[in-house]
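Colleague: Got a minute to go through this model with me? I'd like to start with the contact between the chains.

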Amino acid sequence: MSRRRALEGVRVVDFSWVRAGPWATRWLGALGAEVIKIEWPENERGRLPSTTTPQGLEVNFNTSGNFNDTNVNKKSLCLNVRSARGLEIAKRLIAISDLVVENFSSRVLQKWGLGYAELCKVKPDIVYVSMSGYGHTGRNHSYTTFGPIAQAVSGLTYLSGLPDKPPAGWGWSYMDDMGGIYGAMCALTGLYHRNLTGQGQHIDQAQMVSAVPLNGPGLLDYTVNGRGSRRAGYPPGNRAHWPGTPLINNYRGPTVAPHNAYRTHPGGYNDWCVLVCQSDAEWRRLVEVMGAPPWATTSQFAALSGRLQHQEQLDKHIEAWSIRLDKYELTERCQAAGVRALPVQSAADRVERDPQLRHRQMYLPIDHPALGSRRVQNAPFKLSRTPAFNHLPSPLIGQHTREIVEGLLGYGHHELRAGFADGTFWPTSRPRLPYLDEMLR
Amino acid sequence: MTAAHIQPGPLAGLRVLELCDEKGQFCGKLLGDLGAAVIKIEPLGGEATRRVGPFLDDIPHPERSLSFWYYNTSKRGVTLNLETADGRRLFRRLAATTDVVLETFQPGYLASRELAYEPLCTQNPGLIMCSLTSFGQTGPWRDYLGSDLLHMAAGGEMASCGYDEADAPGAPPIAPGGGNAWHIGGHFAYMAILAALMHRAVTGQGQYIDASIHEACALTTEAAVANHIYRGETLLRQTGRHHAPARTPRTQFRSRDGTYVTALVAGRLNGKYVKDLATLLDRYGMPHDLHDPKFEDPAEIAASASYIIDELVANFIASLPAEEVYHAAQALGFTWGAVRAPEQLLDDAHLRDRGFWKQVEHPELGRSFTYPGEAAIYNGSPWRISRRAPLIGEHNMEIFCDELGLSRAEFSLLVENSAI
């Protein structure tokens, strides 16, 4: 395709690892930036340990499925940045790049001699996005975090659960996902600003801090009304309100019932659907879909106040109906009648069954040298002129070292060989992978 | 702080029209707080999101919704009735000089009013229009209705969140609260708009963006999709910790003050970890046997994991308030954290050091309130809340008369005819 990409001509030096940083740069790559991932096998985290290597394949640097999905659209340069030679090469690369992204602890790049002041000497208008746990300023900047800790400390974990139970929390590193997206947003915003003003800058994104603005209305309820969230009936599970507790908004939209998850046929682990009626009219439509059973037409459920008050009964009745239907059938029937319903979907449901995601081509295959043809997740937006798409599989470790060192940076082949011999491009103590040997011919 | 000498935000000069309900108001705030000049266009009487609580002093009123306040900072507001020809004409005039239109109507609505991207961009070829809807503009579900809970279900968030059977027998999958479907969708829409702006800066061309909240949510479950694609595994929901194909040791422990601490221990236990844990327990005089030389042997550590986690760590955390555990453990390098209620963040010294909390004036009330601040510090072009959420039609005269050039007579006529 000869079409121009949104980030055509933008080069990204990507020191990031594990999940949040790589998830950020993946999207910059999908939008057309050239993303060069700098990594080092001796302290690699993201490829290994791998829990997503297909059964039957050896677990090694190049077989993690999750790494593949998280690192499409990038090239890999293996470089020992802790060596003088490696540092010099990194600087030469930064000098011809637009953006530096990393998600180490707060002082790591500085210790390497690549703090913002140093980066500016190499490339005065560089945009530098640091994605640390707690940020580069503030007394706890050296605290360590993964998604679950950022979520706990920021108040996000507490939002999820049933009253009088421990927090259910988030069953994954939501703040690696959202922190990653924030990193990409910061990068784009910094580049936009640089294009207009000629000024680069250091953008200090912090995973724990990024989670706090996601609690806005609840925080205002405290700072404005003085109401905290350690209270009866909070968090209200999947409901908007827990019956028998004070009638207060719980920060997930209008206070309505029904608003819950219900079992569906045949009652398996993920056989659930959710139903929400945001008005009496929507409730009446649901009653019609259910075949207007006598219980549903009694006056106690006719008005919102009654449905909220008698929610336990209401939910039991609804579930006695929903359990007879497959979750997709229930969804279709409800939505055809203008009732808000959708299935709880596992990953398998989304990838294999969801007709909308299929229509929108959310999962398209891409060939990977070790993993074969695999579907990877696409962008959730369609840009009419510059569509985002995955154009490269995740790189094998060090796959593009020669291309970058000789092709982009202009070093001679003998310098590449010397760098392999002295441990700049691959640890001398570690056997070279066949494609690395190939590079040295 | 005086405004005069403060640098502009990174999006200064960018003009945005926002026609959004709960699906897109957060994206408008993201743009506005970073310096864009956002005009929120509401139907006469105000956007429905003004009716979402909680309300100031629990008095329901469209100008007192704290939810609306939060999601609509740094925007000016006008009312405009797109059901009238005059209202549509005014909208076209606004759209002729804007950079971005962000809208969340049901697919097809704007086209039915001849306000789709195609006619609008002929008068303004650089226009970027982002439609952020529940399911996107195409496909079998495009006309389906959504809600935060619905997106958490179909997007896969719920399939990953919930309880160990022992903690809550028979519990359903749990949708985390807080309206995060709108946050997830808003973040991706922001990304798409900025990408379009980067393209426009080079080519001068605008474009249309069809963004889907369902797709954004479906992307936001970390490795769940990879687990399916590469290993065909179904993931189990677990209390306060990651989904997994098979049960994993717990990471959430009750503290003395009745709250919880998340302590990542399993999978990290090695000789150094055990030594550091001994130091931590010693510091609080907790009895333990971790100095026993047998814990230098990795095999012994592995065999004792359940003892270390479910007895030593659990008992240690049970003996102290959560905040104390959090800071004492982090000081020794442990990746542990207190499970806080959001309001506890007001006391967080680290956030204070970062100047996180902002005072926002509500001049009509003669009061100012504390708002959450920025996700990231832009050292060269600061984030800021430039104004509180607009009142209904607050800037009608400023924008329609002073900026668009309507005469007072024309303005009055439009008001009389319910166009604005």
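Modeller: Sure, take the side chains of R360(A) and D210(B), which meet in a salt bridge at 2.7 Å, N to O. That term is a side-chain nitrogen of Lys or Arg within 4 Å of a carboxyl oxygen of Asp or Glu. Ground rules: this is a predicted model, where local features need pLDDT of at least 70, side-chain atom pairs count only at pLDDT 80 or more, and totals for chains, interfaces and linings use all residues. Residues are numbered from 1 along each chain as its sequence is written, chains are lettered from A and ligands numbered from 1 in the order in which they are written, and side-chain values use heavy atoms, with hydrogens and water left out.

Colleague: How many salt bridges does the rule find across the interface of chain A and chain B?

Modeller: The R360(A) and D210(B) pair is a salt bridge between the two chains. Across the whole interface, the rule's count is six.

Colleague: Which helix of chain A gives the most to the side that touches chain B?

Modeller: Helices here are DSSP runs (H or I, at least four residues), numbered from the N terminus. With 16 residues on that side, the top contributor is helix 7 (residues 174–197) of chain A.

Colleague: And how many residues does the contact take from chain B?

Modeller: Contact means heavy atoms within 4.5 Å. Chain A puts in 147 residues, and chain B puts in 155.

Colleague: How much area do chain A and chain B bury between them?

Modeller: Buried area is the accessible area (1.4 Å probe) lost on putting two parts together, summed over both. Carbon and sulfur atoms hold 63% of it, and the total is about 13,000 Å².

How values were computed
Helices (H or I, at least four residues) and strands (E, at least two) are DSSP runs, numbered from the N terminus.
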